[in-house]
Amino acid sequence: MELFSLPDSLSPALAIGLMLTSVLTSMITASLGAGGGLLLLVLMALWIPPAAIIPVHGMIQLGSNAGRATLTWRHTDWRAIAAFAPGVVVGAGIGAWLLLDLPEHLWQLTIAGFVLYLCWGPALPKGVFGHGGIFVASASTSFISLFVGATGPLVAAFIKQMHEDRFKTVATFATAMSLQHAPKALVFGLAGFVFHEWLLFILGMIAFGFAGTWIGLHVLRNLQNRHFRLIFNIVLTLLALRLLWQAGQSMLG
């Protein structure tokens with residue numbers, strides 16, 4: 001297969017359709033703070049082979065978050081990122097070593113429960129947001145991300161409790177998720193996934209996603225912080241409820 005061609009399982013029409021949805025999902029994340037990555041994962045799961053979903057989605061999200069992080073870097077909480085980065089290395093390293101095959105509904109229930117608590121439960125103690133707390137959050141979500149690819153809402157809900165400013169929340173989340181998705185290329189590459197077959201599609205999705213990010217950040221500028229936080233909580237709650245529904249379907253099935 002040529003380097004710049006589509007995989008056999010993906011038609012040109014379908015690839016273009018998914019690239020257009022990448023504009024929408026990136027716009028959602030940039031303007032509302034979260035939600036686009038999980039929505040894109042759901043859409044990709046309808047047409048992309050199961051073995052390719054998490055590694056391909058991870059590379060697309062790496063590019064999308066890196067673009068958003070670049071556009072908003074002045075607002076990033078670099079103290080938090082300094083604590084988050086080592087956790088990514090530890091979590092991804094343990095995940096690559098174990099390569100567990102635990103029931104997906106277990107992760108879904110855990111993520112959904114924590115997201116709902118972080119959105120509507122009592123505020124976490126301030127000590128949790130020190131270097132140690134951020135490191136633990138990073139390591140645990142980076143570990144889970146290798147298996148389910150749906151930790152974005154949990155990381156977003158955690159970061160949301162750290163900041164009142166909407167731009168700081170979006171920027172810090174984008175940088176954190178860029179770091180979290182980065183190890184997937186190495187881990188899945190070593191596991192035998194052939195990334196070059198998907199390179200054209202991944203690059204197209206990232207390019208279209210960057211356009212959506214640019215639009216979404218313009219929308220974000222017109223939101224007030226209190227409106228952003230309410231919308232952010234609602235979006236995260238809907239994502240958590242969807243995870244609960246998926247977990248229920250898996251257990252009943």
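Hi everyone, this is a short walk through one predicted chain, from its overall fold down to a few single residues.

Let's start with the whole chain. The secondary structure is eleven helices and zero strands, so reading along the sequence you simply get α-α-α-α-α-α-α-α-α-α-α. How does the radius of gyration sit against what a compact globule would have? For 253 residues the expectation is near 18 Å, and the chain has 17 Å, so the two agree. If you like box dimensions, the C-alpha trace spans about 50 × 40 × 35 Å along its principal axes.

Next, contacts and surface. Of the 253 residues, 51% count as buried. Among contacts with a separation of 6 or more, 84% come from residues 24 or more positions apart. The accessible surface is about 11600 Å², and carbon and sulfur atoms own 71% of that. On charges, there are 12 positive and 8 negative ones, and their mean positions are 19 Å apart.

Now for some local detail, and I'd like to begin with helix α7. This helix covers residues 152-160, and nine of its nine residues are buried. The list includes Gly-152 and Pro-153 at one end, and Ile-159 and Lys-160 at the other. So yes, a lysine is on that buried list, if you want to look at Lys-160 on screen.

On to the aromatics. How many aromatic pairs does the structure hold? There is one, and the partners are Trp-198 and Phe-201, edge-to-face, with 6.0 Å centre to centre and 70° between the planes. Both Trp-198 and Phe-201 are buried.

That pair leads us nicely to Ile-48, which sits in the loop between α2, residues 36-47, and α3. Which residues does Ile-48 contact, once neighbours within four places in sequence are set aside? They are Leu-10, Leu-18, Ile-53, and then both members of our aromatic pair, Trp-198 and Phe-201. Ile-48 has a relative accessible area of 3%, so this residue is buried. For a sense of distance, Ile-48 and Phe-195 are 147 residues apart in sequence, yet 14 Å apart in space, C-alpha to C-alpha.

Staying with the early helices, Thr-25 belongs to α1, residues 12-32. Its relative accessible area is 3%, so Thr-25 is buried. Beyond four places in sequence, Thr-25 touches Gly-36, Leu-39 and Leu-40.

Leu-40 comes up again with Gln-61, whose contacts outside its sequence neighbourhood of four places are Gly-37, Leu-40 and His-181. Gln-61 is found in helix α3, residues 50-71. Is Gln-61 buried or exposed? At 11% relative accessibility it counts as buried, because the cut-off for that is under 20%.

My last stop is Asp-77, in the loop between α3 and α4, where α4 is 78-98. Asp-77 has a relative accessible area of 12%, so it is buried too. Which partners does Asp-77 touch, not counting residues up to four places away in sequence? Met-162, His-163, Lys-168 and Thr-172. By contrast, the C-alpha atoms of Asp-77 and Pro-12 are separated by 40 Å, with those positions 65 residues apart along the chain.

To wrap up, keep three pictures in mind: an all-helix chain with zero strands, a helix α7 with nine of nine residues buried, and Ile-48 in contact with Trp-198 and Phe-201. Thanks for listening, and I'm happy to take questions.

Notes:
Residues numbered from 1 in each chain as written. Predicted model: local features only at pLDDT ≥ 70, side-chain atom pairs only at ≥ 80, totals over all residues. Heavy atoms only, no water. Helix = DSSP H or I, 4+ residues; strand = E, 2+ residues; numbered from the N terminus. Rg over C-alpha atoms; globule rule 2.2 N^0.38 Å. Buried < 20%, exposed > 50% of the residue type's maximum accessible area, 1.4 Å probe, protein only. Contact = heavy atoms within 4.5 Å. Areas by Shrake-Rupley, 256 points an atom, 1.4 Å probe, with all protein chains shown as cover. Lys, Arg positive; Asp, Glu negative; His and termini not counted. Charge placed at Lys NZ, Arg CZ, Asp CG, Glu CD. Phe/Tyr/Trp six-rings, centres within 6.5 Å; stacked < 30°, edge-to-face > 60°.
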